Amino acid sequence: MAYPITRYPIAFLIFVALSAACWFVSVAFYKNTFGDTIQTASPDSSTTAVVAVGVAALTSFASFPVGYLVGLAVWGIAAFAGLGLPAGRAAVLFLYLAVSSFVARLVVLGVLDQIGN
């Protein structure tokens, strides 16, 4: 059994992997929806992605409704302000991020439920 001090870094790495999966899957759906790459006004789009994934991973430590809503705020800032997308396209990317984050939260809750029983 892992010591309590090592549980948080391990959990953080798992949350980073889940948040990165949410980002990449959502961007893939976005590209498939519009048939092109993400056209950004910001040259720092990769920095925006890394920061958004990291901060969204941190929100996973909060309980489900609060952490999910804060995570949505992070994704919203990244989609609407960080990438410089037009509002309609940013909304589509945000919806993909919201759905994928919800699925990721359900996976985490399911795993924790199975471990607890």
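# Exercises on a four-helix core

**Exercise 1.** Work out which residues serine 19 touches, leaving aside residues up to four places away in sequence.

*Solution.* Contact here means heavy atoms within 4.5 Å. With that cut-off, serine 19 touches Val53, Ala56, Ala57 and Trp75. A quick word on what you're looking at: this is a predicted model, where local features need pLDDT of at least 70 and side-chain atom pairs count only at pLDDT 80 or more, while totals for chains, interfaces and linings use all residues. Residues are numbered from 1 along each chain as its sequence is written, and side-chain values use heavy atoms, with hydrogens and water left out.

Next, place the residue. Serine 19 sits in helix H1; helices are DSSP runs (H or I, at least four residues), numbered from the N terminus. Is serine 19 buried or exposed? Buried means under 20% relative accessible area, exposed means over 50%, and partly exposed is in between (1.4 Å probe, protein chains only). Serine 19 has 5% relative accessibility, so it counts as buried.

**Exercise 2.** Check the span of H1 against what you'd expect for its number of residues.

*Solution.* Start with the rule: the expected span is 1.5 Å times one less than the number of residues. H1 runs over residues 4–34, which is 31 residues, so it should span 45 Å. Its end C-alpha atoms are 45 Å apart, and that agrees. Just past H1 comes glycine 35, with a positive phi of about 70 degrees.

Now try H3: its 19 residues reach 25 Å from first C-alpha to last, close to the expected 27 Å. After H3 you meet glycine 84, whose phi is also positive, near 70 degrees.

**Exercise 3.** Sort valine 27 and alanine 17 by how open they are.

*Solution.* Valine 27 is in H1, and its relative accessible area is 11%, so it is buried. Alanine 17 is in H1 too, but at 46% alanine 17 is partly exposed. Their C-alpha atoms are separated by 15 Å, with the two positions 10 residues apart along the chain. For a longer jump in sequence, take valine 27 and alanine 98: 71 residues apart, yet 12 Å apart in space, C-alpha to C-alpha.

**Exercise 4.** Find which residues have the most contacts inside the largest nonpolar core.

*Solution.* A nonpolar core is a set of buried Ala, Val, Leu, Ile, Met, Phe, Trp, Tyr and Cys residues joined through side-chain atoms within 4.5 Å. The largest one has 19 residues, and Trp23, Trp75, Leu85 and Leu93 have the most contacts inside it. H1, H2 (45–59), H3 (64–82) and H4 each supply at least two residues of this core. H1 gives the most, with five.

Zoom in on tryptophan 75. Not counting residues up to four places away in sequence, its contacts include Ser19, Trp23, Val53 and Phe94. Trp75 is one of the buried residues of H3, along with Gly71 and Leu72, among others. Alanine 73 is in H3 as well, but at 40% relative accessibility it counts as partly exposed.

**Exercise 5.** Say which residues make the nonpolar surface patch of about 550 Å².

*Solution.* Patches use residues with over 30% relative accessible area and no salt bridge, with nonpolar side chains (Val, Leu, Ile, Met, Phe, Trp, Tyr) joined within 5 Å and like charges within 9 Å. A salt bridge is a side-chain nitrogen of Lys or Arg within 4 Å of a carboxyl oxygen of Asp or Glu. Areas come from the Shrake-Rupley method with a 1.4 Å probe; for residues, only the protein chains shown count as cover. The patch is made by Val99, Val103, Val107, Val111, Leu112 and Ile115. Isoleucine 115 is in helix H4 (residues 87–116), and at 63% relative accessibility it counts as exposed.
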